[in-house]
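Please open the model in your viewer and keep the sequence panel beside it. The tour below moves from one selection to the next and says what is found at each stop.

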Amino acid sequence: MRYVSFRRPDGTPSFGRIEGETIVELATDAAPSLKAALTDGSLSGLADGASYAAADVVLLPVIPDPAKILCVGLNYAEHVRETGREQKAHPAIFVRYADSLIADGQPMVKPAVTERFDYEGELALVIGKPAHKVAAADAWDYVAGYAAFNDGSARDWQRHNIQFTPGKTFPGTGGFGPALVTPDEIDDLAALHVQTRLNGELVQDQPVSDMIWDIPTVIEYVTAFTPLSPGDVIATGTPGGVGDKRTPPLYMKAGDKVEVTIGTIGTLSNRIIDEQ
C-alpha cells in the first residue's frame, strides 16, 4: 500500500491510500490521521471513503506531526570520506522538529541566514508500533513503511559547534514524501538506490546496501536510549556527493528544483524559494 497525508479541496487535513492518480480517503473520527491509524492499529482495516483526484488535493508530509524525528549522520562510507571525518564505532544521531517538514511539491525554504544551503537525499522509515529496547533481529517488525527524505542543511549553522542541530531543522527545510510505502511493495530494499538530482543533474547515487549501520542496527541503537511511538521517523543518512564537498561547492538557491528518488518508493520533488 501507499498512504498519503493531504488536505481535501476544502482545506481539511486527512489521509488515504493513493492508487495511480486517485486518492481514496481513509480518515475516520476515531483515526483522523495516518499517525492516529498507526497508533490504534486500525490502518489495515479502515473502510474506503471519498475519492479525490490527486490533482485536486494538496499533499502534506507523510506524517505531518511526528513526535520524534531522528536522523542518522555519516551513514555511508563515501560521505564519511568526503567530509574528512573519522568513522566512529556508533552512529551519529541528531534531531529534527516537525515544523521543519514539507511535503512533495511544496517549496523548500532556503534560510535567509545562510548561503550554504545543501541537499541530502535519504531513505526515511516510519515506526509502526511502540518501540523500546528493540533487538536488531526483531527490528523489521516495527517498520510501518518508507518514504524519501531531503535533509536540507544550512552548512554554516551546522558547524557553529560540534553538534549538527542548528543547521538541520530550520522551518520548511526537510522534504518528506511523497507517500508511506509499505514493506510489501518493495522486493529488495537494500538494492534500491538513493538518488538526488539538482536541476536534473544526478548528484547522489548509492544503494541502500552501502549503509554503514543498516536499518535493524539503527533501530536497535535508537530505541536503546529513547522509546519510539507510531508515526515517529528515522532518516537513515545521506550518500556521498553533497554539494558542500564538491569543487566548487554546489548549493541550492531560489528557483532550483531538487528531487530525491528511491526506486519503487518514489520521487520527492521540491522547488527552492528564499525565506521571506
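In which sense, parallel or antiparallel, do strand β8 (residues 101–102) and β14 run where bridges join them? Strand β8 and β14 run parallel and are joined by two bridges, and within that pairing I102 has G175 of β14 as its bridge partner. Strands here are DSSP runs of E with at least two residues, helices are runs of H or I with at least four residues, and both are numbered from the N terminus; two strands pair if DSSP finds at least two bridges between them.

Before going on, note that this is a predicted model, in which local features need pLDDT of at least 70 and side-chain atom pairs count only at pLDDT 80 or more, whereas totals for chains, interfaces and linings use all residues. Residues are numbered from 1 along each chain as its sequence is written, and side-chain values use heavy atoms, with hydrogens and water left out.

**Stop 1: strand β14 and its partners**

Select residues 174–181, which make up strand β14. The strand is mostly covered, for eight of its eight residues are buried, where buried means under 20% relative accessible area, exposed over 50%, and partly exposed in between, with a 1.4 Å probe and protein chains only. Add strand β1 (residues 2–7), which runs antiparallel to β14 and is joined to it by two bridges; Y3 has L180 as its bridge partner there. Next add β12 (143–151), which pairs with β14 in the antiparallel sense over five bridges, with A148 standing opposite G177. While G177 is on screen, look at its peptide bond to P178, which is cis with omega about 0°; P178 itself lies in strand β14.

**Stop 2: aromatic rings**

Stay with β12 and β14 and show the side chains of F149 and F176, which form a tilted aromatic pair, 5.7 Å centre to centre with 55° between the planes. Rings of Phe, Tyr and Trp (its six-membered ring) pair if their centres lie within 6.5 Å, and planes under 30 degrees apart count as stacked, over 60 as edge-to-face and the rest as tilted. F149 in strand β12 and F176 in strand β14 are 27 residues apart, and the pair links distant parts of the chain; both residues are buried. For an edge-to-face pair, turn to Y221 and F225, whose ring centres are 6.0 Å apart and whose planes are at 75°. Y221 and F225 lie four residues apart in helix α4, about one turn of the helix, and both are partly exposed, Y221 with a relative accessible area of 31% and F225 with one of 47%.

**Stop 3: helix α4**

Now select the whole of helix α4 (residues 215–225), whose buried residues are I215, P216, V218, I219, V222 and T223. Seen down the axis of α4, these buried residues fall within an arc of 160°, so they line one face of the helix; the arc is that of the directions from the helix axis to the C-beta atoms. The buried residues of α4 pack against β6 (69–73), β7 (92–96), β11 (121–127), β12 and β17 (233–235).

**Stop 4: two buried residues, H79 and P66**

H79 lies in helix α2 (residues 77–83) and counts as buried at 6% relative accessibility. Leaving out residues up to four places away in sequence, H79 touches L74, E120, T238, P239, G240 and V242, contact meaning heavy atoms within 4.5 Å. P66 lies in the loop between β5 (58–59) and β6, and at 7% relative accessibility P66 is also counted as buried. Apart from neighbours within four places in sequence, P66 is in contact with A98, L101, G231, D232 and V233.

**Stop 5: the open sheet**

Finally, display the five strands that form an open sheet of mixed pairing in the order β9-β19-β18-β15-β16. The edge strands, each paired on one side only, are β9 (108–110) and β16 (201–207). Inside this sheet, strand β15 (residues 193–198) and strand β18 (residues 257–261) pair in the antiparallel sense over four bridges, and T196 has V260 of β18 as its bridge partner. In the loop between β15 and β16, select N199, whose phi is near 55°, a positive value in a residue other than glycine.
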